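Trainee: I have a model open and want to learn how to read it. Could you take me through the features one at a time?

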Protein chains: 2
Amino acid sequence: VKTVPKNNLIYTFSPSNKPAETVQIGERVLLQTEDAFGGQLSSGQRTLESLDWAKVDGATGPIYIQGASPGDTLIAEILDIRTAEEGVIVTVPKQGLLGKRRFKSLSKVVRLKNGIVQFDDEVLIKTNPMIGTIGVAPKSTEIPSSSLGRHGGNLDTKQVTAGSKMYFPVFVEGALFAAGDLHALQADGELCVSSVEVTGEISVKFGLIKNQMPKWPILETEDEYSVLSCGRSLEEACQFAVEASVTALMREHHWSFEQAYMFGSLAVNLRINQVVDPKKGVRAAISKEFISLDSYLD
Amino acid sequence: VKTVPKNNLIYTFSPSNKPAETVQIGERVLLQTEDAFGGQLSSGQRTLESLDWAKVDGATGPIYIQGASPGDTLIAEILDIRTAEEGVIVTVPKQGLLGKRRFKSLSKVVRLKNGIVQFDDEVLIKTNPMIGTIGVAPKSTEIPSSSLGRHGGNLDTKQVTAGSKMYFPVFVEGALFAAGDLHALQADGELCVSSVEVTGEISVKFGLIKNQMPKWPILETEDEYSVLSCGRSLEEACQFAVEASVTALMREHHWSFEQAYMFGSLAVNLRINQVVDPKKGVRAAISKEFISLDSYLD
């Protein structure tokens, strides 16, 4: 299996990044990933106060996918995620939903074993290994890997996990896919700004849909499709996700705008991905019973 | 069974509303409820254009609960919800998440039978009968029944359904409980501003916790407790819900703020109730594995 080691870290999604590897459609690839802090905290090499912020939020890649061209859809099928047996969670003053309160900088290393996070002596909680950052290069700008957008990026969506598929619009030749920032566990909203940040490996396989692309990344899970959008506020992110979902419902069922808008109110669930970064992320989820992937593609 | 007929409609939650009925703790009560449009659309009596808006968003009540005093917690156990066999959905120009688009006023009557909404000839979708508006009188102000707050109100939370329990802070003698605005079905966010609005009956039983009250209404479902908060934006609503949830985690586990804040990021799921009214509503849900009701009470 082709392996991309974790010395290939990008800190921006950019059309000018040089490929770390080139792969074919259908080929399995293994990405070795660094944790959100570039391993500085888990190794004890640095503290939160002395953190080198230039080494934060790296993603492994980019990978050049043969045959992917602007206007296509890149399918990234997540086959497996494996994490290290230790992760780190932090509180950072001024950060998160309660950032206006006064509190301390704290970094906590936790053990992960057999699918369980040992939070303290008494409290155990199940893991749900997921990919925090996943995306492709945008058309012409550089976007920090800590941010998100139509190209994907720091989506922080807990269903981006083994067994899921992501559909990205392709903006440049080869797509330039990258992923990283594994979370052993995260709740919707990521309220304190950190999850169980962990190093690990992602096994992924790519597919292509030629000459059609979605407006926003689409997530496919067992039962649902979700539009993953972002905005300056959750409300704005919701508007974008609803626009894409209602348009897809009109196409799928040959409905008027009004009919699709009504049905959306019954069947499109608006859910929070994260609300603690400058750009807020939501997903608009709908059962596969009512929509097919095609209807999301322009 | 004591029955409160639907000619007892309130349009504000207010300490000065006269009780429609008085009940004891543990007694079953049946509330007959009007739909969100006061039956004007389903009866064909009015169109959206000629709607009498003074008859919109009524709740049945209020009910005076013997023994409930300011500072207590009122438990409302929802035993059963029954709906009529016909409901109505609307699109209202300028309303909902895509209110900036130009579209028509449309009102659509749908059949409900055997737990299925017949949306059109081809599309059927399962019902999930829920209570849109439920709450108690606030301390001193009048709050329109179309709005929401610490007293409850138009919460539009799809888990407020048969089998769930709601815990409300009591602000006035007798609590003055009211409920209405049944939805046969609603997705998280209620994106177009309307659900399947329907008349029906709510069977409810009350309990009391003396001398302790939650900051916001608490919802208990089979597996989770949720804080139901609201704010001028979803972000502000999230802040309030997180403040209450993190405080509860500190109490439950004798954790520092920092530990509870971290754990919240792993276990407290922020979810959208509705994003289409002037006040936005969210819920912060956490597994009962990690919290008990007591920890939410001051």
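Mentor: Start with the symmetry. Of the residues of chain B, B:Arg271 comes closest to the rotation axis, at 2.9 Å (C-alpha). Before going on, note that this is a predicted model, where local features need pLDDT of at least 70 and side-chain atom pairs count only at pLDDT 80 or more, while totals for chains, interfaces and linings use all residues. Residues are numbered from 1 along each chain as its sequence is written, chains are lettered from A and ligands numbered from 1 in the order in which they are written, and side-chain values use heavy atoms, with hydrogens and water left out.

Trainee: By what turn and shift can chain B be laid on chain A?

Mentor: Copies are superposed by least squares on the C-alpha atoms of residues with pLDDT of at least 70 in both. Here a turn of 180° and a shift of 0.0 Å along the axis lay chain B on chain A, with an RMSD of 0.0 Å. That is the relation of a two-fold axis.

Trainee: How many residues does each chain bring to the contact?

Mentor: Contact means heavy atoms within 4.5 Å. Chain B gives 61 residues and chain A gives 61 residues. Of the interface residues of chain B, 100% are also interface residues in chain A, so the copies meet through the same surface.

Trainee: How do I read buried area, and how much do chain B and chain A bury between them?

Mentor: Buried area is the accessible area (1.4 Å probe) that two parts lose on being put together, summed over both. For chain B and chain A it is about 5,400 Å², with 69% of it on carbon and sulfur atoms. In chain B, the residues that lose the most area to chain A are B:Tyr261, B:Met262 and B:Leu266, together 15% of what that side buries.

Trainee: How many salt bridges and polar contacts run between the chains?

Mentor: A salt bridge puts a side-chain nitrogen of Lys or Arg within 4 Å of a carboxyl oxygen of Asp or Glu. The count between chain B and chain A is 2. A polar contact is a pair of N or O atoms within 3.5 Å; within protein, one must be able to donate a hydrogen and the other to accept it, and residues adjacent in sequence count only if both atoms are side-chain atoms. Across this interface there are 28 residue pairs in polar contact, both at pLDDT 80 or more.

Trainee: Which element of chain B gives the most to the side that touches chain A?

Mentor: Helices (H or I, at least four residues) and strands (E, at least two) are DSSP runs, numbered from the N terminus. α2(B) gives the most to that side, with 10 residues. The residues of the side of chain B that touches chain A divide into 32 nonpolar, 16 polar and 13 charged. In that split, Ala, Val, Leu, Ile, Met, Phe, Trp, Tyr, Cys and Pro count as nonpolar, Asp, Glu, Lys and Arg as charged, and the others, Gly among them, as polar.

Trainee: Which side chain of chain A meets B:Glu243 in a salt bridge?

Mentor: That partner is A:Arg101, at 2.5 Å, N to O. B:Glu243 lies in helix α1 of chain B and A:Arg101 in the loop between β8 (86–91) and β9 (106–113) of chain A, so the pair joins two chains. Now check accessibility: buried means under 20% relative accessible area, exposed over 50%, partly exposed in between (1.4 Å probe, protein chains only). B:Glu243 is partly exposed at 31%, and A:Arg101 is partly exposed at 33%. B:Arg101 and A:Glu243 also meet in a salt bridge, at 2.6 Å, N to O.

Trainee: Back to B:Arg271. Which side chain does B:Arg271 meet in a salt bridge?

Mentor: B:Glu224, at 3.5 Å, N to O. The pair links distant parts of the chain: B:Arg271 is in strand β22 of chain B and B:Glu224 in strand β21 (residues 224–231), 47 residues apart. B:Arg271 is buried, at 19%, whereas B:Glu224 is partly exposed, at 23%.

Trainee: And A:Leu270: buried or exposed?

Mentor: A:Leu270 is buried, with a relative accessible area of 0%. It lies in strand β22 (residues 269–274) of chain A. Leaving aside neighbours within four places in sequence, its contacts include A:Cys238, A:Val242, B:Leu97 and B:Ile272.

Trainee: Which backbone oxygen does the side chain of B:Thr60 reach?

Mentor: The backbone oxygen of B:Gln32, at 2.7 Å. B:Thr60 sits in strand β6 (residues 59–65) of chain B and is buried, at 0% relative accessible area.
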